[in-house]
Amino acid sequence: MKRDLYRDLSWLPPCPADFNRRCHAAIESKENFGENVRRLASFALDDNQLLRLEEMIAAAAGHSLAPLQPFRLGIAGNGTSDFIRKAIIATGARHGLALNCIATGHDQVLQDSFSIDSPLNRFTPDAVLVALDWRSLPLLPTPGDAIAAQTAIESTLDRLDSIRDAIHRHSGAVSIVQNLAAPPERTFGSLDRRLQGTLWQLIDGVNTGLAERLRSSTDVLLDVAGLAETVGLAYWHSPSEWNLAKLPFSQAFLPLYADHVCRVLAALRGMSRRCLILDLDNTLWGGLVGDDGLKGIRIGQGDAAGEAYLSFQQHVLFLRKRGVVLAVSSKNEDETARGPFREHPDMLLREQDFSVFQANWQDKASNIQAIADILGLGLDTIVFVDDSPFERSLVRNALPSIAIPEMPDDPADYARTLSAAGYFEAVAFSDEDTKRASYYAGNAERARLERQVGDIPAYLASLEMEIDFRPFNESSRSRITQLINKSNQFNLTTRRYTEAEVEALETDPEALTLQARLRDKFGDNGMISVVICRCGYSGVWEIDTWLMSCRVLGRRVEEAVLGELLDHARRRGASWLRGIYRPTDRNKLVEGHYLKLGFVLVDTRDDGSTVWDLEVASAYVQPTPMVVRRIGFETVPSPVPWTNKGSPQRKVS
């Protein structure tokens with residue numbers, strides 16, 4: 001029987017028949033428990049299987065869930081929440097999260113949000129899911145009365161704002177606010193959506209206003225209205241289940257809803273996918289280019305299959321334009337594989353759209369690993385699309401952290417399947433996101449140059465690097481907040497800050513803030529480092545946050561950042577720089593960061609954090625092969641006296 005795309009999550013592998021046995025074995029083993037939980041969650045689980053997995057996680061409370069990332073979620077809704085809470089916990093493992101969840105009582109959202117001593121606020125969640133529907137909001141239909149309709153819409157939006165504000169004041173959590181799924185029942189037929197004061201028009205008004213109010217907020221939207229319309233409102237809403245158990249939507253869609261919630265949670269932690277690697281034959285076009293030749297492949301208008309592949313290419317191109325990095329992994333001769341992109345008149349994708357192009361006869365797992373290495377991306381940021389079940393299985397077994405959707409037989413459904421899987425979920429979007437693909441294309445060019453030059457110092461010098469340091473400012477505030485909340489690997493403390501907190505740091509006299517941007521002859525790398533330094537201690541500056549983009553590793557940027565910190569510290573009379581390393585399962589990359597920079601270990605804390613000190617007066621940073629500029633600092637520190645021939649120029653503007 002064919003699986004339904006949305007109800008059955010058919011982009012995921014089917015649940016194995018021995019699922020319960022595997023759950024039991026995972027509890028008994030204890031070893032690699034977190035990884036085993038994630039593997040079990042990677043299947044298309046129905047609502048009962050999700051509840052079984054959640055029970056297994058709860059029963060193994062003493063087992064480590066590493067490498068899953070801890071996340072504390074509050075759920076505030078007007079329906080029965082226990083089933084939802086359990087399904088979200090189980091689904092979280094699929095997205096790399098070890099969720100600890102608490103839910104408000106039925107229809108107790110206002111009380112639990114506004115009371116500082118409520119279980120919700122005492123839980124100190126990282127985020128709160130505000131899961132209200134139209135039945136709990138002041139949306140009384142008044143057909144034809146425009147003034148009453150606008151009053152109802154504004155009153156509803158104000159209520160949602162007050163809930164968000166109370167949550168932030170009492171717990172500091174981000175609110176994930178659902179919009180409203182309209183009921184399928186209508187009073188006026190087609191006129192319902194246009195006539196002022198109907199329930200449909202009120203819900204439309206609330207959804208539009210909510211999106212607008214969240215646009216300037218650090219809180220995020222969960223588009224339940226769009227989800228319900230995608231699967232069909234008549235299927236989404238189940239009157240009998242609401243009447244019997246106060247379930248806010250049909251239980252059949254519980255796995256889909258939980259997956260959408262967890263996509264947003266993962267995106268808040270910077271764990272969305274960033275790179276799409278594509279097979280070619282029967283994936284981007286019909287047929288085998290090596291056998292059928294350039295004229296024999298099926299792509300373009302006038303042919304049903306050709307148009308299907310064309311629509312998939314269009315979707316892939318949209319993803320690239322929003323910042324997803326594209327690459328090719330194909331079993332083909334290189335020149336043959338490149339031919340359609342260079343010469344076929346109907347191809348939408350072109351060779352320059354791909355940051356890395358791997359066409360050879362090696363196994364695809366090895367090629368994908370090579371692509372990740374060239375781009376400087378982790379395997380957990382990659383999605384691989386291939387029409388062949390054999391190739392999908394091979395790569396999935398060799399590289400389990402890669403996302404590999406089960407593709408349908410009909411290429412007309414390729415775009416919808418990839419979209420439904422939600423691998424590239426976003427909670428924010430900036431100009432830099434649109435440039436990400438070009439950043440990584442530049443990385444591939446740098447890797448090729450490094451292989452040609454061989455000598456690392458000569459290679460770095462040949463890049464002609466320029467680094468700019470600025471304090472935090474309004475124009476970069478959103479991007480800085482995004483980086484702070486999604487950077488995991490090169491992040492010494494993984495502390496998270498809201499946009500309002502980042503704004504406060506801009507004028508804090510006891511904080512030094514740095515944002516760094518890097519350019520070289522291959523292009524602009526964008527913002528590549530963020531530093532927050534607390535200067536309030538007598539003579540000791542503590543580095544609260546230091547994160548960097550992994551795409552600039554190996555270019556001595558960390559030394560340039562340290563040199564900048566030392567310049568500011570010397571100018572303002574600090575005696576010591578203090579660095580903290582708080583280990584997580586994802587930042588082992590920087591375990592030796594401070595040691596390499598000359599800091600001395602002075603303390604190891606109970607939570608495993610280490611404390612490192614560097615004496616400002618005696619510290620010396622080897623000159624780095626880049627021009628350094630400072631922009632926007634009110635007080636310009638005296639520069640370090642560079643002595644090496646060819647040492648960097650320091651410019652102020």
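This is a short tour of aromatic rings and nonpolar cores in a predicted model.

Start with the aromatic rings. The structure holds 11 aromatic pairs. Select Phe341 and Phe357: their ring centres are 5.8 Å apart and their planes stand at 85°, so this pair is edge-to-face, a label that calls for an angle over 60 degrees. Now colour helix H15 (residues 334-343), which holds Phe341, and strand E8 (residues 356-360), which holds Phe357; the pair therefore ties together parts that are 16 residues apart in sequence.

Are these two rings buried or exposed? Phe341 has a relative accessible area of 2% and is buried. Phe357, at 10%, counts as buried too.

Next, select Trp236, Phe249, Phe253 and Tyr257, which form one aromatic cluster.

Two members of that cluster lead on to the largest nonpolar core. Of the 123 residues in this core, Trp236 and Tyr257 are among those that touch the most other members, along with Leu53, Ile88, Leu129 and Leu276. Which helix gives the most to this core? Select residues 254-268: this is helix H12, and it contributes 10 residues. In soluble globular proteins, nonpolar side chains tend to be buried together.

Centre the view on Leu53. Apart from neighbours within four places in sequence, Leu53 is in contact with Phe19, Cys23, Val37, Leu40, Ala41, Leu45 and Ala90.

Then move to a second, separate core of 44 residues, which includes Ile528, Ile543, Met548 and Tyr594.

Finish with two arginines. Arg135 lies over the face of Trp242, at 3.9 Å from the ring centre. Arg186 lies over the face of Trp200, at 3.9 Å from the centre of that ring.

Methods. Residues are numbered from 1 along each chain as its sequence is written. This is a predicted model: local features need pLDDT of at least 70, side-chain atom pairs count only at pLDDT 80 or more; totals for chains, interfaces and linings use all residues. Side-chain values use heavy atoms; hydrogens and water are left out. Rings of Phe, Tyr and Trp (its six-membered ring) pair if their centres lie within 6.5 Å; planes under 30 degrees apart count as stacked, over 60 as edge-to-face and the rest as tilted. Helices (H or I, at least four residues) and strands (E, at least two) are DSSP runs, numbered from the N terminus. Buried means under 20% relative accessible area, exposed over 50%, partly exposed in between (1.4 Å probe, protein chains only). A charge sits over a ring if NZ of Lys or CZ of Arg is within 6 Å of the ring centre and within 35 degrees of the ring normal. A nonpolar core is a set of buried Ala, Val, Leu, Ile, Met, Phe, Trp, Tyr and Cys residues joined through side-chain atoms within 4.5 Å. Contact means heavy atoms within 4.5 Å.
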